[in-house]
Amino acid sequence: MTVVSPTPDTIARLRDEFGAELAAAETDRALQAVRDRYLARKGGVIAALMKAVAAAAPEARPALGKLTNDLKTDIEARVADKRAALDASRAPAGAVDVTLPGRLTPLGHRHPLTVVRDQMEDIFTRMGFAIVEGPEVEDEWHCFDALNMPAEHPARDMQDTLYLATPMPGDSYARPDAAGGHGDKDVRTLLRTHTSSMQIRYMQAHTPPIRIVVPGRVYRRDDLDLTHTPAFSQVEGLVVGEGISLADLKGTLTAFARDMFGPRSRLRFRPSFFPYTEPSAEVDISCWKCDGDGCAMCKRSGWLEILGCGMVHPAVFESVGYDAERYTGFAWGMGIERVAILRYQVEDIRLFYENDLRFLEQFPY
Ligand code: DAH
């Protein structure tokens with residue numbers, strides 16, 4: 001209704017129209033539209049009415065002006081009441097809006113080396129191996145002598161092995177003497193250079209049959225570079241019993257490789273030398289990326305070196321008092337970093353130790 005010349009009657013009708021529109025407004029939007037239609041400074045019904053009142057006959061103006069002002073105040077109050085009523089009909093303040101999308105909480109996850117170690121433990125556990133751990137601080141006898149490594153073996157050199165300044169008092173870490181005691185000579189101690197020392201420790205304490213896997217940290221006197229760290233991790237394996245053969249060694253490691261790197265994996269055994277095994281072999285795995293065809297990953301050879309192994313040397317059995325005529329066995333040692341590097345194509349071993357989240361977050365576990 002456009003008011004050209006207002007009268008008390010037309011103003012009363014405007015009030016009724018407003019009342020009907022207000023009652024019909026059931027949303028914030030609709031309410032806002034009603035408010036704007038009546039109260040907008042430009043083009044609003046009240047603004048137009050005021051203009052018309054100003055143009056009315058002077059004697060009618062005061063009464064019309066008052067009616068108009070009353071109407072305006074009334075509209076403002078009723079819009080505010082309706083707004084409050086709409087607000088109150090909604091969820092109470094602080095209520096949970098279950099339709100909002102959820103917020104993701106960043107979760108930590110296992111380190112890639114832990115993931116690989118857990119996978120290895122899982123595979124060997126399923127094959128019937130027990131998982132055992134041993135001390136990182138070792139004595140020379142367990143780390144070297146008992147493993148048939150003579151005093152002049154280069155790995156025992158101060159250049160290669162981290163020796164500890166404090167020797168251990170003669171105790172269970174030393175070679176047992178004839179009386180089954182440990183003498184009271186001080187023992188030179190070191191950080192174990194390989195997990196193979198645990199072969200000795202375990203055999204000293206158990207009789208065959210033995211089927212163990214020993215994961216753990218080892219230390220060497222190396223400077224950090226792309227492929228070396230002074231501390232890294234290995235998984236040692238040891239099987240001892242009657243009639244254990246090289247075929248068992250090959251079968252066990254092949255089953256592991258297929259599980260770890262995929263069912264098409266093949267192993268290649270290259271003759272090698274370790275003092276504690278005879279025969280000894282280094283083992284390559286067919287490159288899982290190109291399946292042996294040759295690619296950048298395997299430097300075009302089709303093979304990736306993965307571990308060292310062999311049949312336990314009779315001299316090792318003699319160190320722990322086993323009958324070398326009766327028992328045979330096999331052993332291996334592989335680097336956890338090495339497996340992780342091959343598995344995930346990591347180019348720099350240092351990345352595993354720098355705790356850079358941009359690297360760690362790429363592992364989906
Ligand atoms: N101890 C060796 C190393 O650290 C790995 C190794 C080779 C372990 C042959 C063994 C083995 O048990 O039989 O490089």
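Is Glu121 buried or exposed in this model? Glu121 is buried, with a relative accessible area of 18%, where buried means under 20%, exposed over 50% and partly exposed in between (1.4 Å probe, protein chains only). The model is predicted, and for this reason local features need pLDDT of at least 70 and side-chain atom pairs count only at pLDDT 80 or more, while totals for chains, interfaces and linings use all residues. Residues are numbered from 1 along each chain as its sequence is written, and side-chain values use heavy atoms, with hydrogens and water left out.

**View A. Arg117 and Glu121 form a salt bridge in helix 5.** The closest N and O atoms of Arg117 and Glu121 are 2.8 Å apart; a salt bridge here is a side-chain nitrogen of Lys or Arg within 4 Å of a carboxyl oxygen of Asp or Glu. Both residues belong to helix 5, which covers residues 112-126, and they are separated by four residues, about one turn of the helix. Helices (H or I, at least four residues) and strands (E, at least two) are DSSP runs, numbered from the N terminus. Arg117 counts as partly exposed because its relative accessible area is 24%, whereas its partner Glu121, at 18%, is buried. Side chains of opposite charge can pair when their charged atoms come close.

**View B. Glu138 and Arg201 form a salt bridge between distant parts of the chain.** In this pair the closest N and O atoms are 2.8 Å apart. Glu138 sits in strand 2 (residues 137-139) and Arg201 in helix 7 (residues 197-205), with their positions 63 residues apart in the chain. Both Glu138 and Arg201 are buried.

**View C. Arg350 and Asp348 meet through their side chains in a salt bridge.** The N to O distance is 3.0 Å. Arg350 counts as partly exposed, since its relative accessibility is 28%, and Asp348 is buried, since its relative accessible area is 16%. Elsewhere, salt bridges that share partners join Arg268, Arg270, Glu282, Asp284 and Glu305 into one network. In total, the structure holds 26 salt bridges.

**View D. The ligand is surrounded by 15 residues.** A residue belongs to this shell if one of its heavy atoms lies within 4 Å of the ligand, and the closest residues are His194, Arg220, Gln234, Glu236 and Tyr276. Sorted by class, the shell has five nonpolar, eight polar and two charged residues; Ala, Val, Leu, Ile, Met, Phe, Trp, Tyr, Cys and Pro count as nonpolar, Asp, Glu, Lys and Arg as charged, and the others, Gly among them, as polar. At least two residues of the shell come from each of strand 5 (231-241), strand 8 (303-312) and strand 9 (328-335).

**View E. Side chains of His194, Gln199 and Tyr276 make polar contacts with the ligand.** Such a contact is a pair of N or O atoms within 3.5 Å. An N or O atom in the side chain of His194 is 3.0 Å from a nitrogen atom of the ligand, and a polar side-chain atom of Gln199 lies 3.1 Å from an oxygen atom of the ligand. For Tyr276, a polar side-chain atom lies 2.8 Å from a nitrogen atom of the ligand. The ligand on its own has 350 Å² of accessible area, and the protein covers 89% of this area, as computed by the Shrake-Rupley method with a 1.4 Å probe.

**View F. Thr161 is buried in a loop.** This loop runs between helix 6 (140-143) and strand 3 (189-191), and Thr161 counts as buried because its relative accessibility is 1%. Leaving aside neighbours within four places in sequence, Thr161 is in contact (heavy atoms within 4.5 Å) with Phe144, Ala155, Arg156, Leu190, Leu191, Thr193 and Arg221.

**View G. Two peptide bonds that lead into a proline are cis.** The bond from Pro208 to Pro209 has omega near 5°, and Pro209 lies in the loop between helix 7 and strand 4 (210-219). The bond that joins Glu278 and Pro279 has omega of about -5°, and Pro279 lies in strand 7 (residues 277-286).

**View H. Asp291 and Arg300 have positive phi values.** Phi is near 60° for Asp291 and near 65° for Arg300, in each case a positive value in a residue other than glycine. Asp291 and Arg300 are both found in the loop between strand 7 and strand 8. Asp291 is partly exposed, with a relative accessible area of 26%, whereas Arg300, at 62% relative accessibility, counts as exposed.

Key. Polar contact = N/O pair within 3.5 Å; in protein donor to acceptor, adjacent residues only side chain to side chain.
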